[in-house]
Amino acid sequence: MGRYTYQKWRNEFMTLKDLQNGSDIRGIAIETDKYQVTLTDEHVAAIATGFAAWLRDVKGASDKARVAIGHDSRLSAGRIKDVLTASLTRSGLDVVDVGLATTPAMFMATQYDGYKCDAAIMITASHLPYFYNGLKLFTRDGGAEHEDIDYIVENAGQVFVAKVAGSVTEKPLLQDYAADLVGKIRVGIDDATNYERPLAGSHIVVDAGNGAGGFFATDVLAELGADITGSQFLDPDGNFPNHIPNPDNNEAMASLKEAVATNKADLGVIFDTDVDRAAIVDKDGESLNRNPLIAVISAIVLEEHPGTTIVTDSTTSTHLEHFIANLGGKQHRFKRGYRNVINEAIRLNEAGTQSEIAIEVSGHAALKENYFLDDGAYLIAKILMRYAKLRKEGKDLADLTRDLQVPADNDEIRLSILAENFKTYGLAVLKDFEAFVEKTDGLAIEPANQEGVRVNTEGSFGNGWFLLRMSLHEPVMPVNLESDEIGGTGKIKAALQEFFANYAEIDSSSLQK
């Protein structure tokens, strides 16, 4: 079997189909010393053609449908927007150019009365390096699914030239979206003494990572009366000169912690580039991201909707499951991928099981009350509604998660698959791993699991768990590990090393670190 390095796999020439990343489109948009452009003008134009065909043939849109186009701060956004606009208007579609925007705001362009767009395209590659870019697609029904992207790619050659070209208009979507958030927060807090400025007296810093989230400080928090002194990296800059705009990144969270401490702020908020993910740092410098963030919003949602099911991805902690259960709720772990957890929550509701939120440890969170839209700004808005009331009671957000147990030891590692047919090879390894677990004392397979092999540990391994799974798109097997004893993950890694010693096509060197 031939060997395949991850770098070689990523450097191969990508076809239009290869640009598909689940329910998104992503590729290299700026040439570097290491990478050639894969999200070319030709590819973007072809995707726009397929998108127009999808709107007409699948979604039933008229020949004069309106499509909003927006982007985050990426350097290649202008080029891609120009190509999209030219292709769509040539097909007869009207384009609403909203300029700098966030991914959730783009969906709202299909909902707001002042826009009434049939569809929207967000130009973004989330937290990926500056040379990447991509497209997220929406209609009034929500985000495009994997099968929708399949259709768009398969019909990218259906060029249609309208007798009358579509028009282009400009509208201030981000400004309107911010005003909408302000109104919702005022209603949610409902402060009888200071309705207009219910966050007066609060000091909240925002770290936008030079993405599109700076508006939340100036146009939302400041409008609500908060002191935003010390907020940082609010200006859009696609070079991302300060840190990766990613709430799941240790460097980014450390930067926010420093800003909170330096400015003696009550709260810190951080967003990813296109503001569909978020995290928080409290006044004591504690990170409320990953499992603690899920715990915070779960406590808030369960107070409003007792007994509801919280849908999370597969990598969440066993302690989080117990925390949610103690609040009277139920955790439902599902597959990784924000569309996966959202669609699972929607499915549960349709099947008669109440689920008010779907959330990943990465910070993607979608609430039923907000169209099941993964919206980092709305997530923070929802938390701020409860935060303002807690402050009046002399409490803080940390009071919501006092009972969440924190593991003594945790780690997350990635094992590269070197085999050319990495998916087939990886799935075979997972099957073998199940047999290994079943014959190893102190390891037990978790029966309620939707992805990979989740294992509970006891005895000589200590109390804990770990999950071995396949990456959604890459030749990688991630491993998430937690233990209630210091050094416990080291014992788990030793067992994993024993198993992977028999698989030459897996680079397990990261287990030795």
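Biologist: Is E344 buried or exposed, and what is its relative accessible area?

Modeller: In this predicted model, E344 is buried because its relative accessible area is 5%, and the cut-off for buried is under 20%. The residue is found in helix α11.

Biologist: Which side chains make polar contacts with the side chain of E344?

Modeller: There are two to look at. A polar contact of 2.8 Å joins E344 to the side chain of H332. The side chain of R347 also makes a polar contact with that of E344, again listed at 2.8 Å.

Biologist: Which residues does E344 touch, leaving out those up to four places away in sequence?

Modeller: With that exclusion, E344 touches V311, H332 and F334. H332 is thus a residue that E344 touches and a polar partner of its side chain.

Biologist: Now the empty space. How do I find where it is left?

Modeller: Rolling a probe the size of a water molecule over the atoms shows where empty space is left. Here, the second largest pocket has a volume of about 290 Å³. Its lining has 20 residues, and the closest to its centre are D141, G142, G143, E145 and R339.

Biologist: Which element gives the largest share of the lining of that pocket?

Modeller: Helix α11 does, with four residues. At least two residues each come from β6 (132–139), β7 (142–143), α11 (338–350) and β17 (373–374). So the helix that holds E344 also supplies part of the lining of the second largest pocket, by the helix and strand runs used here.

Biologist: How many residues of that lining are nonpolar, polar and charged?

Modeller: Nine are nonpolar, four are polar and seven are charged.

Biologist: Let us move to another helix. Which residues of α10 are buried?

Modeller: Helix α10 covers residues 318–326, and T318, H319, L320, F323 and I324 are buried in it. These buried residues pack against several elements, including α9 (290–304), β13 (309–312) and β22 (476–483).

Biologist: What is found at the ends of α10?

Modeller: At the N-terminal end, S317 acts as the cap: a side-chain oxygen of S317 lies 2.9 Å from the backbone nitrogen of H319. After the helix comes G328, which has a positive phi, near 90°.

Biologist: Where does pLDDT stay under 50?

Modeller: Over residues 1–13, for which the model has 29 contacts beyond four places in sequence. For the protein chain, the mean pLDDT is 95, and 97% of the residues reach 70 or more.

Key:
Residues are numbered from 1 along each chain as its sequence is written. This is a predicted model: local features need pLDDT of at least 70, side-chain atom pairs count only at pLDDT 80 or more; totals for chains, interfaces and linings use all residues. Side-chain values use heavy atoms; hydrogens and water are left out. On a 1 Å grid over the protein atoms alone, a cavity is a set of points where a 1.4 Å probe fits but cannot get out, and a pocket is an open set with protein on both sides within 12 Å along at least five of seven lines; lining residues have an atom within 4 Å of a point. Grid points are joined across faces, edges and corners, and a volume is the space filled by probe spheres set on the points. Ala, Val, Leu, Ile, Met, Phe, Trp, Tyr, Cys and Pro count as nonpolar, Asp, Glu, Lys and Arg as charged, and the others, Gly among them, as polar. pLDDT is the predictor's confidence in each residue, from 0 to 100. Contact means heavy atoms within 4.5 Å. Buried means under 20% relative accessible area, exposed over 50%, partly exposed in between (1.4 Å probe, protein chains only). A polar contact is a pair of N or O atoms within 3.5 Å; within protein, one must be able to donate a hydrogen and the other to accept it, and residues adjacent in sequence count only if both atoms are side-chain atoms.
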